Amino acid sequence: MTYKQLLHSQSLMITASSIVFPFYLLLLRNLGDSYSQFGLAYGIFALTAALSHPLIGSWSDRVGEKRLLLLYTFGMAVVMIIVPVLTTITQVYIVQIIMGLLGALQKTAEKIALSRQTDRAHRGKQVGHYHLWTSIWAALAVIATGYIIDFLTIGSLFYITSFMYVAAGVLIWQKPKTIELERDHSL
């Protein structure tokens, strides 16, 4: 995987998550009876991710970051299809556990991939560039969603993001166009 593949796929993934995140929070609140259930659901996500990081970190050494990112993208695509049909808070808790595991996969694999795709001498600049573009896409996604939600259902946003996760997976899956590692990080 090249730096550009990583940048483009992660930008797409972050855009997808930024589109649905505010509406996912509303869904959690609407399914729960109280703010404590909302807090528990989000806490389950964070705790699952935290507890799984050591295992995922050691697993990444054996399977590689590309496979982890593929598992994340296709896993999130499936989760986004399921989210609109959740009807109970118990189902939300189960999805939160799955999303916690997937989030830990992504976070670990992204850092490993980014460290491998940057030059030691210019790492700071390249990481800054990477975060600039992934953050811009996240911001644009939130702004655009605010405008287009009037024309779509909340459920359709989850289906759109499922497609975006699949597209990000396809970007990761593609073989680099050159044999050498890409070091030209211009867009």
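Modeller: A residue is called buried under 20% relative accessible area, exposed over 50%, and partly exposed in between, using a 1.4 Å probe and protein chains only. The model is predicted, so local features need pLDDT of at least 70 and side-chain atom pairs count only at pLDDT 80 or more, while totals for chains, interfaces and linings use all residues. Residues are numbered from 1 along each chain as its sequence is written, and side-chain values use heavy atoms, with hydrogens and water left out.

Biologist: Why is Tyr 42 called buried, exposed or partly exposed?

Modeller: Tyr 42 has a relative accessible area of 36%, and therefore counts as partly exposed.

Biologist: What makes Ser 52 buried or exposed?

Modeller: The relative accessible area of Ser 52 is 8%, which is under 20%, so Ser 52 is buried.

Biologist: Which kind of aromatic pair do Phe 21 and Tyr 42 form, and why?

Modeller: Rings of Phe, Tyr and Trp (its six-membered ring) pair if their centres lie within 6.5 Å, and planes under 30 degrees apart count as stacked, over 60 as edge-to-face and the rest as tilted. The centres of Phe 21 and Tyr 42 are 6.4 Å apart and their planes stand at 65 degrees, so this pair is edge-to-face.

Biologist: Why is the pair of Tyr 42 and Phe 45 called tilted?

Modeller: With 5.8 Å from centre to centre, Tyr 42 and Phe 45 are a pair, and because the 35 degrees between their planes is neither under 30 nor over 60, that pair is tilted. Phe 21, Tyr 42 and Phe 45 form one aromatic cluster.
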